[in-house]
Amino acid sequence: ATVALQITLSADHIHLLERFRPEFRERHIEAPHTDAQAAVDTFFVGVLMGVGKVHLQTAIDCHSRHGRARLHTSKLPVTAAHLLNNDALPKFKAHDAKVDAVISANGPEFCGRTDRHPYDLFLHQKEVEKRTTLVEQPKSDGIVERF
């Protein structure tokens with residue numbers, strides 16, 4: 001027979017975890033409700049014979065932890081906007097929710113001249129606030145890194 005064990009952490013337990021493991025304290029971005037903020041990033045998967053470089057474009061809701069991902073053969077602003085436009089934002093809209101903000105790394109697919117960059121223009125059109133992580137601080141978007 002399998003026995004399920006449920007442990008409730010007290011404030012003292014949490015304090016000790018945070019003291020000895022700082023990443024426990026900094027492991028997620030605060031989002032007060034489901035559509036408050038999404039985190040996006042692009043990861044290099046590898047090289048496939050006959051295909052070339054493959055990148056994984058990811059988006060995750062910072063509150064519910066519901067994520068979407070799509071493989072692409074390029075790391076372009078258009079592919080970053082494609083995931084949001086075709087997968088993430090329609091999922092929210094189906095539940096009568098609208099994403100308030102998107103946080104991303106500072107990669108070229110997410111950052112550029114705001115008056116010309118396709119990703120910036122897409123977010124502006126959808127009335128979504130753009131936020132970026134701190135440079136060289138992967139823990140500031142750890143939620144999407146772990147996803």
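These questions and answers cover the sheet, one residue and the cavity of a predicted model.

User: How are residues numbered, and which pLDDT limits apply in this predicted model?

Analyst: Numbering starts from 1 along each chain as its sequence is written. Local features need pLDDT of at least 70, side-chain atom pairs count only at pLDDT 80 or more, and totals for chains, interfaces and linings use all residues.

User: Which strands stand at the edges of the open sheet, each with a single partner strand?

Analyst: Strands are DSSP runs of E, at least two residues, numbered from the N terminus. Two strands pair if DSSP finds at least two bridges between them. The open sheet has five strands in the order β3-β2-β1-β4-β5, with mixed pairing. One side of each edge strand is left without a neighbour in the sheet, because each has a single partner: these are β3 (67-72) and β5 (129-132).

User: Is Ser104 buried or exposed?

Analyst: Ser104 sits in strand β4 (residues 101-104). Buried means under 20% relative accessible area, exposed over 50%, partly exposed in between (1.4 Å probe, protein chains only). Ser104 has a relative accessible area of 1%, so Ser104 is buried.

User: Which element gives the most to the lining of the largest cavity?

Analyst: A cavity is a set of points on a 1 Å grid over the protein atoms alone where a 1.4 Å probe fits but cannot get out; lining residues have an atom within 4 Å of a point. β2, β3 and α3 each supply at least two lining residues. Helices are DSSP runs of H or I, at least four residues. With four residues, the top contributor is α3.

Conventions: Side-chain values use heavy atoms; hydrogens and water are left out.
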